Amino acid sequence: MLLHLAGTDLATASGHLGISFALLVGVVGTQPAKSRSDAGSYEALLMPLLDSAYGTALHLTRNPADAEDLVQDAALLASRGFATYEQGSNFKAWFFRILTNAFYSKYRKRKGEGVRMELQDTPELYLYCQTAATGLHAKSENPAALVMDKLDGELIGTAIDALPDDYRVVATLYFIQDFSYQEIAEVLEVPVGTVRSRLHRGRRILQRALWQAAHDRGIVAELTQARGGDA
Amino acid sequence: MSALGPTRLTCEEVFGRLDDFIDHELSVEELRLVEEHLRTCAACASEHRFESRVISDIRSKLSRIAAPPSLREDLLKRLAEERGSLG
């Protein structure tokens with residue numbers, strides 16, 4: 001077990017954070033990293049992750065203020081459960097497990113199901129098929145680059161933020177944190193097969209959203225009207 | 001298919017493994033079989049190139065956002081306060 005987290009809750013110590021820690025499974029005990037050496041060790045492990053934790057929290061909560069709160073909540077919880085962290089194991093995965101549990105138990109509950117999205121099955125290879133159908137494969141040997149070069153990070157981030165919660169969490173851990181399927185499974189405490197299916201389906205939904213955004217911004221029209229070699 | 005597993009994959013079998021192949025999630029043997037197929041099948045190779053490019057571009061374009069300096073300061077302060085109150 002990578003994360004080395006057992007099953008006691010943190011209800012007492014976490015009460016003032018407003019999170020139901022019956023749902024925040026896995027962190028043992030309520031002892032903070034309070035000795036000078038423990039605290040130094042914890043902060044030395046945590047602080048290099050702060051940017052990526054905030055970036056992830058921002059995609060999960062879709063709100064800068066909530067993202068800051070989520071990171072602070074997770075950091076305090078992790079401090080209290082630090083005695084259960086096995087030195088030398090994957091601290092990043094351990095911390096992101098606490099972060100995502102905090103998100104699920106507090107923010108998702110508060111905001112309900114989040115952005116509603118049509119979950120009808122999106123065909124496989126959606127962008128590939130659409131770019132072929134609009135003739136872009138005849139214009140370039142690299143039709144993926146034709147489209148992707150026109151899509152900026154903000155647009156892609158917005159498309160990820162629009163994914164339903166379960167897909168967005170997996171996509172964020174995959175695309176932003178570069179976690180493997182196994183690591184995501186351990187962070188979320190779900191089977192690897194669940195990660196695989198959410199990620200694969202999330203990608204298809206994401207491709208459809210990117211193609212729609214390309215349409216809405218006139219990128220598809222611009223590319224299809226360009227002469228071969230100009231696209 | 002032999003007792004030791006398939007010696008070649010069909011296009012459909014490769015298609016079903018494409019995401020895992022791109023994500024380096026296949027076993028060594030499956031990896032070898034997919035690579036072998038992609039070397040000889042232009043259609044599957046084209047789909048693979050396309051999907052790989054899309055995924056790598058999504059990953060590279062998602063900006064790595066810096067945490068606000070105030071978050072770092074507030075967090076260190078809260079951690080110190082908590083240690084003080086519980087110590």
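How many residues does the contact take from chain A, and how many from chain B? Keep that in mind while you look through these close-ups of a predicted model.

**View 1. Where chain A meets chain B.** The contact takes 31 residues from chain A and 29 residues from chain B. On the chain A side, helices H2 (36–46), H3 (50–61), H4 (64–80), H6 (126–133), H8 (143–148), H9 (153–161) and H12 (192–216) each chip in with at least two residues. H4(A) gives the most to this side, with six residues. Sort the chain A side by class and you get 19 nonpolar, seven polar and five charged residues.

**View 2. Chain A, helix after helix.** Chain A has 13 helices and zero strands. Read along the sequence, then, its pattern is α-α-α-α-α-α-α-α-α-α-α-α-α. Of the 231 residues in chain A, 42% are buried. Now take the contacts in chain A between residues at least 6 apart in sequence: 70% of them join residues at least 24 apart.

**View 3. Zooming in on Leu46(A).** You'll find Leu46(A) in helix H2 of chain A. Is Leu46(A) buried or exposed? Leu46(A) has 23 other C-beta atoms within 10 Å, so it counts as buried, since the cut-off for that is 20 or more. Leaving out residues up to four places away in sequence, Leu46(A) touches Ala75(A), Ala78(A) and Phe95(A). Look for Phe91(A) as well: it sits 45 residues from Leu46(A) along the chain, yet their C-alpha atoms are separated by 8.3 Å.

**View 4. H3(A) packed against H4(A).** Two packed helices are described by the angle between their axes and the distance between the axes. For H3(A) and H4(A), the angle is about 125° and the axes are 8 Å apart. That makes H3(A) oblique to H4(A), because an angle of this kind is neither over 145 degrees nor in the range 65 to 115. The crossing of H3(A) and H4(A) is right-handed. From H3(A), the contact is made by Ala53(A), Tyr54(A), Ala57(A), Leu58(A), Leu60(A) and Thr61(A), and from H4(A) by Pro64(A), Asp66(A), Ala67(A), Leu70(A) and Val71(A). By class, this contact of H3(A) with H4(A) has nine nonpolar, one polar and one charged residues.

**View 5. Inside the nonpolar cores.** Which residues have the most contacts inside the largest nonpolar core? They are Leu70(A), Ala74(A) and Leu99(A), in a core of 69 residues. Helix H5 of chain A (residues 91–111) gives the most to this core, with ten residues. Ala74(A) touches Phe95(A), Ile98(A), Leu99(A) and Ala102(A), again not counting residues up to four places away in sequence. Apart from the largest core lies another core, of five residues, among them Phe21(B), Leu33(B), Val34(B) and Cys44(B).

**View 6. H6(A) crossing H12(A).** The axes of H6(A) and H12(A) come within 8 Å and cross at roughly 35°. On the H6(A) side, look for Tyr126(A), Leu127(A) and Gln130(A). In H12(A), they meet Arg204(A), Gln207(A), Arg208(A), Leu210(A) and Trp211(A). By class, the contact of H6(A) with H12(A) has four nonpolar, two polar and two charged residues.

Note on methods
Residues numbered from 1 in each chain as written. Chains lettered and ligands numbered in written order. Predicted model: local features only at pLDDT ≥ 70, side-chain atom pairs only at ≥ 80, totals over all residues. Contact = placed C-beta atoms within 7 Å. Helix = DSSP H or I, 4+ residues; strand = E, 2+ residues; numbered from the N terminus. Nonpolar A, V, L, I, M, F, W, Y, C, P; charged D, E, K, R; others polar. Buried ≥ 20, exposed ≤ 12 C-beta atoms within 10 Å, placed from the backbone. Axes fitted to C-alpha atoms, helices over the stretch in contact; angles between N-to-C directions. Parallel < 35°, antiparallel > 145°, perpendicular 65-115°, else oblique. Left-handed = near helix turned anticlockwise from the far one by under 90°. Core = buried A, V, L, I, M, F, W, Y, C linked by C-beta atoms within 7 Å.
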